[in-house]
Amino acid sequence: MGYTIAQKIIKNHLISGEMVVGKEIGLKIDQTLTQDATGTMAYLQFEAMGIKRVKTELSVAYIDHNTLQAGFENADDHRYIQTVTKKHGVRFSRPGNGICHQVHLERFSKPGKTLIGSDSHTPTAGGIGMLGMGAGGLDVAVAMGGGTYYITMPKMIRVNLLGKLSDYVGAKDVILEVLRILGVKGGVGAIVEYGGEGVKTLSVPQRATITNMGAELGATSSIFPSDEVTKAFLKAEGREEDFVELSSDEDASFDAEYTVDLSALKPLTACPHSPDNVKKVSELSGMKINQICIGSCTNSSMQDMLTVAQILKGKTVHKDVSLSISPGSKQVYTMLAECGALADLINAGARILECACGPCIGMGFSPQSAGVSLRTFNRNFLARSGTADAQVYLVSPETAAVSAITGVFTDPTTLGVAPKIEMPTVFKINDNLIELPVEESKSDEVVVERGPNIKPIPVGKAPEENLSCELILKVGDDITTDHIMPAGTKVLPYRSNVPKLSEFCFTVCDKDFPERAKAKGGGVILGGMNYGQGSSREHAALVPLYLGIKAVVAKSFARIHVANLINFGIVPMTLKNPEDYEKFAEGDCIGIENFKNAVAEQSHATLVNKTTGATAELCLQLSERQRAILLAGGRLNYTKQER
């Protein structure tokens with residue numbers, strides 16, 4: 001039996017385990033990336049391991065999240081990352097160079113290689129045929145030190161693309177259709193591979209839009225073949241030597257297959273507050289809008305920007321709409337300026353923001369109270385925009401640009417024939433904002449600069465012999481890392497200051513949670529389905545650890561978050577019978593006898609509600625390695641013991 005694209009890459013990078021679905025495997029990692037919202041902690045962890053030099057083929061640190069410098073905190077963190085990477089062998093992408101996934105796609109992604117990044121949208125690299133996966137910062141730090149990256153061997157899902165996109169229908173509409181079909185849980189435990197005759201009609205940036213939002217499916221990764229389209233893109237970037245042809249074998253087997261007819265697609269939108277709450281744009285035609293944001297790692301490529309500029313050329317943004325545009329990289333920004341498209345955007349009334357994540361993570365440009373905001377981003381979680389009651393819709397650049405002119409939700413296909421975009425065959429290459437590290441022989445000369453906002457990393461403890469505490473918080477299904485540890489202008493500056501960060505933990509769900517957790521000395525959290533979906537931010541585990549959370553019980557977990565919980569010594573357990581969720585209420589006294597032994601050896605444990613007498617059977621779905629990490633009180637302790 002043949003192999004899929006992902007299986008071929010996994011086979012070539014397999015260090016431990018067998019390629020059996022559901023079994024733990026260890027992979028060699030070729031490249032890593034970090035961004036500044038998660039990077040500070042990752043490099044603090046790398047330093048704590050005592051390794052002098054990174055051992056990957058390439059590691060890059062990007063500054064793209066915390067660029068709104070309203071105080072000293074972000075600037076201090078950036079200086080720390082700049083100096084620590086210079087010392088330890090990591091390239092440093094300076095503020096202004098662009099969004100990590102867009103820049104990495106342009107300058108570093110390679111077909112057939114492995115990449116993990118401390119950002120959940122690292123699968124963007126799948127658009128070029130690379131196996132990119134989001135991971136917690138500690139996992140990235142370990143990989144930088146030459147350590148193995150562990151995942152559960154995923155299932156393989158095939159999405160067959162037929163036909164060709166119609167005018168004013170974009171790649172964003174493709175992934176929204178896949179989200180409509182599969183939902184935000186549909187890719188859990190799987191890698192999604194795209195194939196079929198429609199693939200060759202999509203450019204690499206279009207493919208990258210689709211793989212980027214595979215994170216919203218809960219997928220381990222998403223990937224496209226590496227073909228002549230890939231080769232042309234790499235050639236335009238001056239990297240033709242990085243091309244490797246990759247495709248799945250004709251007799252490759254998939255666990256599930258779906259078909260999307262590109263020619264039949266219509267413009268789509270994800271309605272509040274989930275990326276899989278998908279409707280046709282035509283169903284919302286005429287709805288008044290207040291704000292539009294175009295950009296993010298999903299839709300900020302040269303192709304996206306030229307499409308928007310062509311639609312806006314000679315027009316004026318509606319008087320009731322505020323429009324922001326964030327080019328994805330300095331390369332894109334420069335080329336827009338040189339070809340005149342930037343002038344078209346400015347003349348139309350767009351507000352040009354820097355090449356950074358910005359509004360996508362609530363870093364500025366928050367909507368008005370109860371405002372309707374159309375965004376070409378990848379997530380529309382509740383309050384992520386920075387405005388608690390905003391109504392955020394995810395749309396394509398085509399829909400966004402046309403609606404910016406009309407002031408209401410507008411189906412762009414009503415305009416008829418779309419203007420043709422002439423893409424450059426050669427991109428402007430200037431890597432002057434990517435700093436190289438010093439040679440290893442000179443690393444001792446580099447002084448790592450640390451600002452006062454950088455605080456020590458909380459370290460976990462081994463599980464107690466018997467667990468007895470309060471059920472300190474009960475939450476529902478699809479709790480995201482934005483619920484657990486919000487982003488935004490008030491919070492992100494404290495990503496390297498866990499004590500301060502703890503003041504914001506779970507406040508989206510319960511504003512009193514931080515103080516209650518401190519007063520009670522921690523406890524256990526009970527969640528519903530898909531607990532921890534969304535970002536790779538390990539702070540959603542680190543901060544609960546700081547607040548004394550000993551375990552999280554849920555109906556099911558998102559992949560990256562459960563790995564982060566284990567990395568920091570918080571025990572994740574699932575309800576064997578999901579209906580037992582109703583047997584427990586916030587504030588109940590609960591316990592698990594022989595808790596430490598269960599973590600060490602058992603696949604099940606009994607959770608007792610000491611308040612009511614009810615019980616529930618819990619599953620401990622842990623590998624031997626994960627059990628050892630938890631018994632050590634987290635991966636930092638475990639790694640030190642192993643060395």
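Me: How many bridges join strand S2 to S8 in this predicted model?
Reply: S2 covers residues 24-27, and the two strands run antiparallel. One facing pair is Leu-27 opposite Tyr-149 in S8. As for the bridges joining S2 to S8, there are four.

Me: Which residues of S8 point to the buried face?
Reply: In a regular strand the side chains alternate between the two faces of the sheet. S8, residues 149-152, shows that alternation, with Tyr-150 and Thr-152 on a face where they are not buried. The buried ones, pointing the other way, are Tyr-149 and Ile-151.

Me: Is Ser-496 buried or exposed?
Reply: Ser-496 sits in the loop between helix H13 (481-484) and helix H14 (498-501). Its relative accessible area is 0%, and the cut-off for buried is under 20%, so Ser-496 counts as buried.

Me: Which residue's side chain does Ser-496 join through a polar contact of 3.0 Å?
Reply: Leaving aside neighbours within four places in sequence, Ser-496 is in contact with Thr-40, Met-41, Asp-77, Asn-453, Ile-454 and Lys-455. The side-chain partner in that 3.0 Å polar contact is Asp-77.

Me: Which helix gives the most to the largest nonpolar core?
Reply: That core has 74 residues, and Phe-506, Phe-513, Ile-525 and Tyr-531 have the most contacts inside it. The helix that gives the most, with six residues, spans 137-144: H5.

Me: How many residues make up the other core, the one with Ile-128 and Ala-236?
Reply: This core lies apart from the largest one. Ile-292 and Ala-401 are also among its members. Its residue count is 56.

Terms used. Residues numbered from 1 in each chain as written. Predicted model: local features only at pLDDT ≥ 70, side-chain atom pairs only at ≥ 80, totals over all residues. Heavy atoms only, no water. Core = buried A, V, L, I, M, F, W, Y, C linked by side-chain atoms within 4.5 Å. Buried < 20%, exposed > 50% of the residue type's maximum accessible area, 1.4 Å probe, protein only. Polar contact = N/O pair within 3.5 Å; in protein donor to acceptor, adjacent residues only side chain to side chain. Contact = heavy atoms within 4.5 Å. Pairing = 2+ DSSP bridges.
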